[in-house]
Amino acid sequence: MGILALIIKREFIAKVRNKSFIVMTFLSPLLIVGMSFLIGYLANMNAGEVKKIAIHDETGTFKKDFKNSKETTYTDLSALPFKAAKDTASKSYEGLIYIPKVANPKELATKVEYISDDSPSMEFIMEMEDVINHQLTQNNLKALGFDSVKIDSAQVKSDIHLSKFSGENSLKGLNEIKIGIGSAFGYLIMMFIIIYGNFVMRSVIEEKTNRIIEIIISSVKPYQLMMGKIIGNSLAGILQFAIWAIVGVVLLVGVSSFFGVQAGAASSVDPEMINAAKQELGGTIQMYLHEIWNLPIGTLITCFIIYFIGGYFLYSSLYAAIGAAVDSETDSQQFLLPIIMPLMLGVYVGFFTVMDDPHGTVATVFSMIPFTSPIVMLMRIPFGVPLWQIVLSIVLLFGTFFGVVWFASKIYRVGILMYGKKPTWKEMYKWLKY
Amino acid sequence: MSSILEVRNVVKQYGDYTALNSVSLEVPQGSIYGLLGPNGAGKTSLIRIINQITMPDGGEVFLDGEKLSPHHVQHIGYMPEERGLYKTMKVGEQCLYLAQLKGMSHADAKKQLKYWFEKFEIETWWDKKIQELSKGMAQKVQFIVTVLHEPKLLILDEPFSGFDPVNANLIKDEIIELNKKGTSVIFSTHRMESVEEMCDYIALIHKSNKLIEGKLIDVKKSHRTNAYEVGILSNNVERLMYDLTQKFQLQQTDFKSLNDELKLEVQLNGSAPNELLNILTQNGQVTHFVEKIPSINDIFIQTVSQK
C-alpha cells in the first residue's frame with residue numbers, strides 16, 4: 001500500500017471510529033426532524049393563545065369590522081370615556097385600538113393609534129391597517145357616489161394557472177422549492193466545510209501537541225501527510241453524506257409511494273371522505289414530488305459532489321495550514337475569521353441575489369469566484385445554469401485549489417515544527433520563503 | 001573504515017539566522033557517535049536535515065556512500081527529543097502504522113513487533129490505548145517504533161529523558177546490543193556521563209559551528225593537561241614540598257579518600273610520571289597516584305566558554 005493510502009486509511013478510520021462521528025451521523029437527522037416537529041409544535045402552541053384587544057372607536061363605524069378570530073378577540077369599549085377605556089385596556093387587555101373622531105378621512109387615516117406595552121407583530125399591524133383602509137376607501141367611494149356593494153361584486157381575484165409547453169401542470173411554489181433545495185445544498189456545503197475543515201485543523205493540532213509529528217514526517221513528506229489528512233477526513237464526510245442521502249432517498253421514495261399508491265386504498269372508517277381528503281392532499285403533494293423529481297437532479301448531485309470536493313479541499317488546506325501554525329485551538333481564532341467570512345458571504349449573497357435573480361450579474365460573479373462558487377453555484381443550479389458557466393467555475397475552483405494547496409503546504413511544512421510561539425501573519429508570510 | 005553518514009559543508013538558514021554554518025561530520029560505520037552541544041547550537045537542525053525533515057540550504061549529506069534521497073528514510077530510525085504517539089490509537093495498530101510508513105510490509109511489521117513486545121514483556125499492551133499507559137511505558141513503545149524496521153542508523157535525541165533508571169538501563173542495553181549487531185548510533189545529549197560510557201566518537205557543535213570531532217580517546221588525549229592527582233602521607237612535608245616545587249607546579253586539591261593525607265595536583269611540565277613518583281616515594285607513603293584525565297564535561301565547558 002502506498003504511503004498516501006496508508007495515511008488516508010488511518011485518518012479515515014480514526015475519524016469514523018470516533019464516537020462523536022457515529023453519534024452525529026445517526027443523531028443529526030433525528031435532531032433535524034425533532035427540531036422541525038418542535039418548531040411546529042411551538043408555533044401551534046403560540047397560536048392557541050387568544051389575544052384580547054380593546055377598541056375605543058369614537059366614530060362608531062370601524063368596530064364592527066374588527067372580527068374575532070382564533071388568535072384575537074375584540075372588545076368594544078367605546079361606551080367608556082377614552083381615559084377610562086385606556087385604564088381598563090392597560091389592566092386587562094393586550095392593547096387598545098383608538099380611533100378618534102375626525103371628519104376628514106385622509107386625516108383620520110393617520111390619526112388611528114394602537115396603544116400597547118408589547119410591540120405588536122407586523123402581521124397584526126397590517127391586519128388593523130387593512131380594516132381601516134378598507135372602511136375608509138368604502139367611505140370615500142360612497143362620498144363620491146359609487147355603490148360600494150356593486151364595487152365589491154365587481155372586484156375580481158385572479159388565479160393564474162401555470163403550465164409548461166409540454167402541457168404539464170406547474171406549481172406556483174416551484175421557485176420557492178428551487179431556492180429551498182439550492183440553499184439547502186449551499187448550506188450543507190458551508191456547514192461541511194466548516195465542520196470538516198475544523199476536523200482537519202484539530203487533527204493537525206493534535207499531532208502537533210502529541211509531538212508525534214516529528215516522527216511521522218521523518219518517514220513521510222509533510223505534503224503527503226497534509227493531503228492524506230484532508231482526503232481521509234473528506235472520505236469520512238462523504239460516508240456521512242452517503243448515509244444521509246440513502247436515508248433521504250428512502251424517505252422520499254417512501255413518501256412518494258405512500259401518496260401515489262396508498263392514497264387509493266380504502267380505509268375502514270368512512271372511506272369516501274378520507275379518500276377524498278387524501279386524494280386532494282395526495283394530489284398536491286404528488287405534484288410537488290413530481291416537480292422535485294423533475295429538477296435537474298443528476299446535474300445537481302454531480303455538481304454537488306464536484307463542488308463539495310473542490311470547496312472542501314480549498315478550505316481544508318487552509319484549515320490545515322492554520323492548524324500547523326498554532327499550538328492550540330484557542331490560538332486559531334484570529335486566523336479563522338478570514339476563512340469563515342467568504343463562506344458566510346457566499347451563503348448570504350447567494351441567498352438574497354439568487355432569490356432575486358438567479359442569473360443576475362452579482363449571482364453570476366459570485367458563482368465564479370472560487371471561494372464562494374461552491375455555495376452560490378449550487379443555489380443557482382436548480383434554476384438551470386448554462387454548462388459553460390459551470391465548467392468555467394469548476395476550472396477556476398480547481399485551479400485556485402492547487403494554488404492554495406501549494407501555499408498551505410508551505411506554511412504547514414514549517415508550522416508543524418514550530419512550538420511555543422503564536423505566529424503573526426507576517427511570520428507566516430516569511431515561512432513561505434523558507 | 002567507511003562511514004555510515006557523511007555530512008559535507010551543510011548550511012541551514014532560517015531567514016537571517018544561520019542555524020548551521022558549513023558543518024561537516026563523518027560518522028564511522030558501527031560506531032556510537034555523540035553529538036554534543038549546548039541548547040540552540042544547531043544539533044536539532046542537523047538531525048532534521050539528516051532525517052530529510054528539512055532540506056539544507058547548502059552542502060550534501062551521504063548515507064552509506066549514497067547521496068541522501070527519500071528512500072533512505074527506511075534505513076534511519078529517529079527518536080526525537082520531543083516525542084509522542086497518537087493518544088487515542090491502540091498500541092499495536094499504531095506501531096503497525098508507523099512501521100508501514102517506514103516501508104515495512106504489514107506481515108514483517110507484525111512479526112518484528114511480536115519479537116519486541118515479547119522481549120519487553122508487554123504483549124498485553126497490544127490493544128491498549130497510549131493514553132492508558134504511563135509515560136515510561138509509552139517511551140518503551142516509542143523505542144520499539146524507532147528500532148522496529150532494523151535501521152542502519154539510529155538517531156536518538158536525548159534518549160534517556162523521561163525514563164526511570166531501570167528503564168533507562170534497559171534501553172541502554174538494547175542500544176548497545178543493536179550496536180554490536182552492526183547498527184550505527186548517533187546520540188544527541190546533554191548527559192555527559194552516558195557519552196563517556198557509550199560513545200566511541202564525539203562531535204561538539206556550538207553556535208552553528210562544529211568545534212571538535214573525533215574519537216573519544218583522541219579528543220581526550222588532545223585535551224590532556226599532563227597533570228596528576230597525588231595523595232601522600234609524609235612525615236617531612238616541608239622537604240617534600242621543596243623537592244616538588246623545584247621541578248613541578250603544585251596545587252592543593254581534594255578528592256575522596258580514607259586517609260588524612262596531603263592531596264596535590266601536580267603539573268608534570270614534560271617530565272615523566274616516574275620522576276614524580278620517585279620524589280614522592282622518597283618522602284613518604286603514596287596513597288593515590290592518578291593521571292588527571294579531562295572529562296567530556298570539562299572539555300565541553302572549556303570549549304564552549306572559550307568561544
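This is a guided tour of a two-chain model, stop by stop, with something to select each time.

**Before you click**

The model is predicted, with local features needing pLDDT of at least 70, side-chain atom pairs counting only at pLDDT 80 or more, and totals for chains, interfaces and linings using all residues. Residues are numbered from 1 along each chain as its sequence is written, while chains are lettered from A and ligands numbered from 1 in the order in which they are written.

**Stop 1: chain A as a whole**

Select chain A and switch to cartoon. You get 16 helices and four strands; these are DSSP runs numbered from the N terminus, helices being H or I with at least four residues and strands E with at least two. Of its 434 residues, 28% count as buried. Buried means 20 or more other C-beta atoms within 10 Å of the residue's own, exposed means 12 or fewer, and partly exposed is in between, with C-beta atoms placed from the backbone. Now for contacts, meaning C-beta atoms, placed from the backbone, within 7 Å. Taking contacts in chain A between residues at least 6 apart in sequence, 69% join residues at least 24 apart.

**Stop 2: helix H15 of chain A**

Select residues 387–415 of chain A. Do the ends of this helix sit where they should? The 29 residues of H15(A), at 1.5 Å a residue, should span 42 Å, and the end C-alpha atoms are 41 Å apart, which agrees. The expected span is 1.5 Å times one less than the number of residues. Colour the buried positions next: among them are Ile390(A), Ser393(A), Leu397(A), Val405(A) and Ala408(A). Further along the list come Ile411(A), Tyr412(A), Arg413(A), Val414(A) and Gly415(A), which are buried too.

**Stop 3: H14 against H15**

Add residues 373–380 of chain A, which make up helix H14. H14(A) and H15(A) pack at about 165 degrees with their axes 11 Å apart; axes are lines fitted to C-alpha atoms, for helices over the stretch in contact, and angles run from 0 to 180 degrees between N-to-C directions. That makes H14(A) roughly antiparallel to H15(A). For angles, under 35 degrees counts as roughly parallel, over 145 as roughly antiparallel, 65 to 115 as roughly perpendicular and the rest as oblique. Show side chains for Ser373(A), Pro374(A) and Met377(A) on H14(A), and for Ile390(A), Ser393(A), Leu396(A) and Leu397(A) on H15(A): these make the contact. By class, that is five nonpolar, two polar and no charged residues. Here Ala, Val, Leu, Ile, Met, Phe, Trp, Tyr, Cys and Pro count as nonpolar, Asp, Glu, Lys and Arg as charged, and the others, Gly among them, as polar.

Now pick Pro382(A), in the loop between H14 and H15 of chain A. Pro382(A) counts as buried, with 26 C-beta neighbours inside 10 Å. Draw a distance to Pro358(A), 24 residues away along the chain: the C-alpha atoms are 9.4 Å apart.

**Stop 4: where the chains touch**

Show both chains. The contact takes 16 residues from chain A and 19 residues from chain B. On the chain A side, helix H1 (3–17) and helix H8 (213–217) each supply at least two residues. That side divides into nine nonpolar, three polar and four charged residues.

**Stop 5: three helices of chain B**

Select 91–101 and 106–119 of chain B, helices H2 and H3; their axes come within 9 Å and cross at roughly 125 degrees. That makes H2(B) oblique to H3(B). Cys95(B), Leu96(B), Ala99(B) and Gln100(B) meet His106(B), Ala109(B), Lys110(B) and Leu113(B). The residues of this contact divide into five nonpolar, two polar and one charged.

Swap H3(B) for H4 (135–147): the axes of H2(B) and H4(B) come within 9 Å and cross at roughly 25 degrees. That makes H2(B) roughly parallel to H4(B). Val91(B), Cys95(B) and Leu98(B) touch Val141(B), Ile144(B) and Val145(B), a set of six nonpolar, no polar and no charged residues.

**Stop 6: H1 of chain B and some positive phi values**

Go to 43–50 of chain B, where eight of the eight residues of H1(B) are buried. Those include Lys43(B) and Arg48(B). Just after H1(B), Gln52(B) has a positive phi of about 60 degrees.

Finish with Lys207(B), in the loop between strands E9 (201–206) and E10 (209–215), and Asn226(B), in the loop between helix H7 (216–222) and strand E11 (227–233). Phi is near 45 degrees for Lys207(B) and near 60 degrees for Asn226(B).

Methods:
Two residues are in contact if their C-beta atoms, placed from the backbone, lie within 7 Å.
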